Amino acid sequence: MAHITLDLAHSYKLHPQQDSDYALLPLKMEFEDGGAYALLGPSGCGKTTMLNIMSGLLVPSHGQVLFDGRDVTRATPQDRNIAQVFQFPVIYDTMTVAENLAFPLRNRKVPEEQIRQRVGVIAEMLEMSGQLNQRAAGLSADAKQKISLGRGLVRSDVAAVLFDEPLTVIDPHLKWQLRRKLKQIHHELKLTLIYVTHDQVEALTFADQVVVMTRGRAVQVGSADALFERPQHVFVGHFIGSPGMNFLPAQMDAGCLRVAGHALDLPVPRRLPEGALQVGVRPEYLALAQPGQAGALPCTVQRVQDIGTYFMLTAQVGEQPIRARFSTEQRLPSPGDTVWLQALGEHTCFYQNEELLP
Amino acid sequence: MSATTKPVNQKAWFLILPVLLCVAFSAIVPLMTVVNYSVQDIISPERRVFVGTEWFAAVMRDEDLHAALWRQLTFSLAVLLVEIPLGILLALSMPAQGWKSSAVLVVVALSLLIPWNVVGTIWQIYGRSDIGLLGAALNAAGIDYSYTGNATHAWITVLVMDVWHWTPLVALLCFAGLRSIPDAYYQAARIDGASKLAVFRYIQLPKMRGVLMIAVLLRFMDSFMIYTEPFVLTGGGPGNATTFLSQYLTQKAVGQFDLGPAAAFSLIYFLIILLLCFILYNWMQRMGTADTQGAGHD
């Protein structure tokens with residue numbers, strides 16, 4: 001196990017000229033020993049690049065990778081003693097399940113007795129004990145992916161286990177099972193686990209710390225709660241949550257806040273810088289308000305959708321769309337009505353140049 | 001137009017008529033002509049006698065045929081034993097991408113573009129002990145090499161020529177097979193700490209099984225029917241050392257004009273190839289399904 005420190009940048013191009021040439025912009029990051037992390041971001045944001053740099057499949061073009069303070073930038077995956085599970089299940093067709101699980105240990109010349117014991121433990125954990133002597137090639141996709149997971153976990157001294165969207169090919173109902181399994185394994189083995197995904201639910205349920213990435217930048221590292229309550233960047237607000245945070249253009253003029261053309265009083269005393277701002281508020285926190293209440297905006301209702309456990313209200317304030325979530329017990333407005341929504345409150349965040357204002 | 005008055009579903013028959021005609025004229029009619037010859041003794045264009053299976057019996061007893069068949073099997077086996085491993089090795093050492101890959105592909109494929117009899121001519125000159133580069137060099141090195149005089153030398157020369165001509169085909173097939181392996185397999189192998197040999201044994205070889213099956217079948221059938229190259233190079237000699245089945249057949253049909261026995265042997269030859277391919281194909285298929293479905297049996 002290891003404490004991983006990254007201080008690097010990476011470009012797939014030989015002579016990067018501008019920011020867009022970099023797959024990873026210069027970043028500094030620490031991964032604590034024994035932590036469960038997720039790298040979350042849309043496709044092409046650099047999360048797989050970061051993972052491959054950590055595992056040693058890729059050498060960063062700038063900077064270095066440290067494991068427990070030791071420079072391993074140029075070390076092979078084997079030297080780093082890292083395990084990685086890929087998006088698509090990789091199994092050795094001609095081997096049985098047991099041989100597949102034993103493969104990383106056999107390659108490291110671990111004594112047979114120890115291999116048998118380790119394979120037994122891992123198979124038990126993955127609920128594959130009954131299939132140990134089957135050919136791996138004939139199994140279903142999720143069983144194959146479990147084998148891939150098992151090969152990642154079978155080495156007890158592994159520095160970290162990296163997952164590259166490992167549940168993409170798995171059926172939804174099995175996804176839950178496997179994710180719970182991973183969580184449980186993390187508790188039992190206390191390994192450093194780093195999980196790449198573009199699915200926020202997966203990231204937020206799996207990891208203690210989520211790294212949100214976009215366009216080669218890690219915009220926020222934090223717990224699920226922090227990402228939800230205090231998105232450090234407009235992108236995090238958009239990306240986390242379903243639907244994402246509402247952002248309303250605002251203007252601070254001589255101490256007076258104007259949001260979407262309406263002058264609003266700040267309910268909580270707050271000092272905001274002058275100039276263009278953005279007001280961010282989660283649909284969950286947009287409550288109905290009395291007309292003319294401090295910090296509330298008049299909105300024209302466009303649509304009310306039943307999403308099962310809650311109602312989704314889509315409205316417009318000026319030209320700006322705004323969405324709110326309501327529980328099913330509430331009396332709901334109908335399209336065309338004007339409702340007042342409480343835009344400013346304790347959960348409201350203010351942004352300037354896409355960054356959260358303290 | 002009777003076709004339009006028939007029930008609609010019967011029209012479909014007319015659609016397969018062109019195929020039926022093609023197959024009839026390209027395969028069935030010629031084959032039946034051979035069958036026709038194989039059961040008759042044609043004394044003159046006007047006089048012919050039905051002889052039943054007599055030609056077949058005669059051919060089966062022919063010592064020359066036994067020798068040719070044995071020679072042929074040994075040759076085809078040798079071709080497979082040399083070309084398949086060599087092709088795999090070549091494919092493994094070919095660069096995977098970039099301009100080097102394209103250049104190497106062209107160079108490797110070059111020998112496949114040369115017509116059969118040109119290949120024979122090239123080697124005939126190449127191996128000559130007076131002016132040929134290979135023959136002269138070997139003789140200069142103290143080896144008394146002569147493909148026209150020494151039966152073993154002739155046999156080996158034909159084998160080397162076939163290897164030179166056709167190993168690239170095996171290599172190209174294997175190369176295609178190798179390229180279709182996703183990168184994740186190699187990455188996973190690196191993570192698992194697999195050696196180069198283990199990567200070959202557990203990833204590359206199993207993933208190449210499909211193309212190797214095609215390569216073995218193609219090379220077996222082709223080498224079993226080899227005719228032009230040894231004909232140009234050695235003419236089947238010295239003695240009968242390089243007289244393979246096709247050459248034996250030609251000697252019978254064209255050289256001695258024994259149409260009856262030649263026709264009978266043609267059919268036997270055809271059946272042998274059909275049978276061997278059937279066995280080979282099924283064996284390899286079973287190997288494949290044992291790999292993927294073995295789970296259910298153990």
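A residue counts as buried here if 20 or more other C-beta atoms lie within 10 Å of its own, with C-beta atoms placed from the backbone. The legends below apply this cut-off to a predicted model.

**View 1. Surroundings of A:Thr197 in strand β8 of chain A.** A:Thr197 has 23 other C-beta atoms within 10 Å and is therefore buried. Leaving aside its neighbours within four places in sequence, A:Thr197 is in contact with A:Ala38 and A:Leu40, and also with A:Glu165, A:Glu202 and A:Ala203. A:Val161 is 36 residues away from A:Thr197 along the chain, and the C-alpha atoms of these two residues are separated by 14 Å.

**View 2. The loop that holds A:Lys190, between α6 (172-189) and β8 (193-197) of chain A.** Is A:Lys190 buried or exposed? A residue is exposed if 12 or fewer other C-beta atoms lie within 10 Å of its own, and A:Lys190, with 12 such atoms, is therefore exposed. The C-alpha atom of A:Lys190 is separated by 43 Å from that of A:Leu277, a residue that lies 87 residues apart from A:Lys190 along the chain.

**View 3. A:Ile194 and the largest nonpolar core.** This core has 100 residues, of which A:Ala38, A:Ala160, A:Ile194 and A:Tyr195 touch the most other members. Helix α3(A) gives the most to the core, with 6 residues, and at least three residues are drawn from each of domain 1 (4-235) and domain 2 (244-356) of chain A. Which residues does A:Ile194 touch, not counting residues up to four places away in sequence? They are A:Phe31, A:Tyr37, A:Leu39, A:Leu51 and A:Met54, together with A:Ala160, A:Leu162 and A:Phe163. Apart from the largest core lies another one, of 17 residues, whose members include B:Trp55, B:Ile226, B:Phe244 and B:Ala263. As general background, nonpolar side chains tend to be buried together in soluble globular proteins.

**View 4. The hairpin of β9(A) and β10(A).** Strand β9 (residues 209-214) and strand β10 (residues 217-222) of chain A run antiparallel and are joined by 5 bridges. Within this pairing, A:Val212 has A:Gln220 in β10(A) as its bridge partner. The hairpin has 2 residues between the strands, and A:Arg215 takes a positive phi near 40°.

**View 5. The two domains of chain A and the contact between them.** The domain assignment of chain A gives domain 1, which covers 4-235, and domain 2, which covers 244-356. Taken over C-alpha atoms, the centres of the two domains are separated by 39 Å. To the contact between them, domain 1 of chain A contributes 6 residues and domain 2 of chain A contributes 10 residues. On the side of domain 1 that touches domain 2, the residues divide by class into 2 nonpolar, 2 polar and 2 charged.

**View 6. The contact between chain A and chain B.** Chain A brings 25 residues to this contact and chain B brings 22 residues. Three elements of chain A, namely α2 (77-80), β6 (83-85) and α3 (97-107), each supply at least two residues of the side that touches chain B. Of the elements of chain A, which gives the most to this side? It is α3(A), with 3 residues. By class, the side of chain A that touches chain B has 13 nonpolar residues, 8 polar residues and 4 charged residues.

**View 7. Chain A, with 9 helices and 21 strands.** The C-alpha trace of chain A spans about 75 × 50 × 30 Å along its principal axes. Of the 358 residues in chain A, 40% are buried. Among the contacts in chain A with a separation of 6 or more, 66% are between residues 24 or more positions apart.

**View 8. Chain B, with 14 helices and 2 strands.** The radius of gyration of chain B is 25 Å, whereas the globule rule gives 19 Å for 298 residues; the value for chain B is well over that figure, so the chain is more spread out than a compact globule. Along the principal axes, the C-alpha atoms of chain B fill a box of roughly 75 × 75 × 45 Å. Buried residues make up 26% of the 298 residues of chain B, and residues 24 or more positions apart account for 69% of its contacts with a separation of 6 or more.

Terms used: Residues are numbered from 1 along each chain as its sequence is written. Chains are lettered from A and ligands numbered from 1 in the order in which they are written. This is a predicted model: local features need pLDDT of at least 70, side-chain atom pairs count only at pLDDT 80 or more; totals for chains, interfaces and linings use all residues. Two strands pair if DSSP finds at least two bridges between them. Helices (H or I, at least four residues) and strands (E, at least two) are DSSP runs, numbered from the N terminus. Domain bounds come from an automatic or database domain assignment. Two residues are in contact if their C-beta atoms, placed from the backbone, lie within 7 Å. Ala, Val, Leu, Ile, Met, Phe, Trp, Tyr, Cys and Pro count as nonpolar, Asp, Glu, Lys and Arg as charged, and the others, Gly among them, as polar. The radius of gyration is taken over C-alpha atoms; the globule rule is 2.2 Å times the number of residues to the power 0.38. A nonpolar core is a set of buried Ala, Val, Leu, Ile, Met, Phe, Trp, Tyr and Cys residues joined through C-beta atoms within 7 Å.
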